[in-house]
Amino acid sequence: MGKFKQLLEQERPAILHGALGTELEARGYDISGNLWSAKFLLDGSEVIQTIHRDYVLAGADIVTTSTYQASIASLVDVGLSVDEAKELIIKSVSLAKDAREEAWIELSQSEKQGRHYPLISGDVGPYAAYLADGSEYTGEYGEVTKEALKDFHRPRIALFVAEEVDLLALETMPNKLEIKALAELLSEEFPQVEAYLSITSQDGKFLSDGTPLEEVVEILAICPQILAVGVNCSSPSVSEKILESLSDLTELPLLAYPNSGEIYDGKTQTWHHGEDGVLSVPDCQAKWKNQFPQLKLVGGCCRTRPMDIARIKKQIGKI
């Protein structure tokens with residue numbers, strides 16, 4: 001560990017891996033079902049490695065494992081044993097590492113100039129991804145307890161640490177209790193790990209469950225391993241409001257990888273145009289680079305593709 005902190009200290013913002021499910025769909029793969037894109041860890045994992053590679057070739061400085069939906073619980077629910085589920089999560093790390101090496105070899109020396117050797121982030125998706133009901137955008141988890149949330153996240157994080165990922169991506173978090181559970185879990189049981197926290201919001205003022213952003217920032221004080229905070233899978237307009245608020249609330253590096261502005265229907269697992277229409281994420285990132293000096297991690301979430309990451313790389317320049 002320590003590599004993520006070094007990356008955040010570079011002059012230009014680091015570029016995150018883009019959407020996986022969107023790219024699978026664009027290439028003709030069916031991601032319906034509770035596991036979404038993670039089902040290709042079971043069958044057809046070569047396409048996951050290819051997409052990872054393509055994002056690195058496009059300019060990504062971080063390769064995120066294909067485990068947003070792949071928790072031990074979700075994999076057991078589709079018929080795997082606990083040991084088989086663990087092996088798939090380990091496999092996701094191997095796919096990311098192999099893709100990184102494949103892409104790095106493919107890049108020319110001139111293309112590598114000004115780039116950091118990509119890091120591997122273990123994707124810790126929210127409990128909402130297990131529920132598969134769209135609660136990433138509501139934070140409504142019912143009667144789940146903080147200890148139950150720790151139990152849900154602990155085994156996947158332990159596997160990532162054992163496989164020596166460079167950081168954890170605590171992403172698309174909509175719920176205060178879950179953020180507190182993760183912060184306590186890292187500080188108490190995984191003190192060696194580095195991570196970033198990325199939330200969702202529907203209005204740019206509050207966490208998706210209605211928690212004021214001030215309370216989210218307060219939680220981070222108990223977990224110094226969370227080195228950056230920001231927003232993902234919210235619209236660009238909402239993401240900009242979050243960045244404005246967080247820049248007043250914390251001195252931590254900020255991150256933003258919004259979706260395209262479309263709205264996700266968790267019941268039908270489909271996307272629809274929002275009030276803002278489809279926005280250019282690369283154009284937003286170019287604007288935010290100048291607007292928010294704390295912005296150190298940039299990228300795109302759902303409905304963005306490698307071509308968008310390439311445009312972001314072109315617009316923000318070299319280290």
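Is E164 buried or exposed? E164 is exposed, with a relative accessible area of 60%; here exposed means over 50%, buried means under 20% and partly exposed lies in between, using a 1.4 Å probe and protein chains only. You will find E164 in the loop between α8 and β4, where helices (H or I, at least four residues) and strands (E, at least two) are DSSP runs numbered from the N terminus. E164 also has a positive phi of about 60°, although it is not a glycine. Most residues other than glycine have a negative phi.

Before going further, a word on what you are looking at. This is a predicted model, in which local features need pLDDT of at least 70 and side-chain atom pairs count only at pLDDT 80 or more, while totals for chains, interfaces and linings use all residues. Residues are numbered from 1 along each chain as its sequence is written, and side-chain values use heavy atoms, with hydrogens and water left out.

Let us move on to strand β4. This strand covers residues 167–173 and is mostly covered, with 7 of its 7 residues buried. Strand β3 (residues 119–124) pairs with β4 in the parallel sense over 4 bridges; two strands pair if DSSP finds at least two bridges between them. β4 is also joined to β5 by 4 bridges, and these two run parallel. A good residue to look for is L170, because V124 stands opposite L170 in β4, and L170 in turn stands opposite L197 in β5. Together, β4, helix α9 (residues 176–189) and β5 make a right-handed β-α-β unit. Right-handed means that, with the strands pointing away from the viewer, the path from the first strand over the helix to the second runs clockwise.

Now follow the chain out of β5. S201 lies in the loop between β5 (195–199) and α10 (213–220). S201 is buried, with a relative accessible area of 2%. What does the side chain of S201 reach at 2.9 Å? That partner is the backbone nitrogen of G204. A polar atom of the S201 side chain also lies 2.6 Å from the backbone oxygen of F206. Such polar contacts are pairs of N or O atoms within 3.5 Å; within protein, one must be able to donate a hydrogen and the other to accept it, and residues adjacent in sequence count only if both atoms are side-chain atoms. Leaving aside residues up to four places away in sequence, S201 touches F206, S208, S234, V238 and I242, where contact means heavy atoms within 4.5 Å.

Next come the aromatic rings. How many aromatic pairs does a search of the whole structure find? The search finds 8; rings of Phe, Tyr and Trp (its six-membered ring) pair if their centres lie within 6.5 Å, and planes under 30 degrees apart count as stacked, over 60 as edge-to-face and the rest as tilted. One of these pairs is Y130 with F152, a tilted pair at 5.7 Å centre to centre and 45° between the planes. Y130 lies in helix α7 (residues 127–131) and F152 in helix α8 (residues 146–162), so the pair ties together parts that are 22 residues apart in sequence. Y130 is partly exposed at 26% relative accessible area, whereas F152 counts as buried at 9%. Another pair, Y196 and Y257, is edge-to-face, with 6.2 Å centre to centre and 85° between the planes. This pair links distant parts of the chain, 61 residues apart: Y196 is in strand β5 and Y257 in strand β7 (residues 254–257). Y196 and Y257 are both buried. Ring pairs also link Y127, Y130, Y141 and F152 into a cluster.

Our last stop is a group of cysteines. UniProt, in an unreviewed entry, places the feature "binding site" at C233, C301 and C302; its positions are given in the numbering used here, feature names are shortened, and annotations may be inferred rather than shown by experiment. Although spread over 70 residues of sequence, these cysteines cluster in space, with a largest C-alpha distance of 6.3 Å. C233 sits in the loop between β6 (226–232) and α11 (236–249) and is buried, with a relative accessible area of 3%. The phi of C233 is near 50°, a positive value in a residue other than glycine. C302 is found in the loop between β10 (295–298) and α13 (306–316), and at 22% relative accessibility C302 counts as partly exposed.
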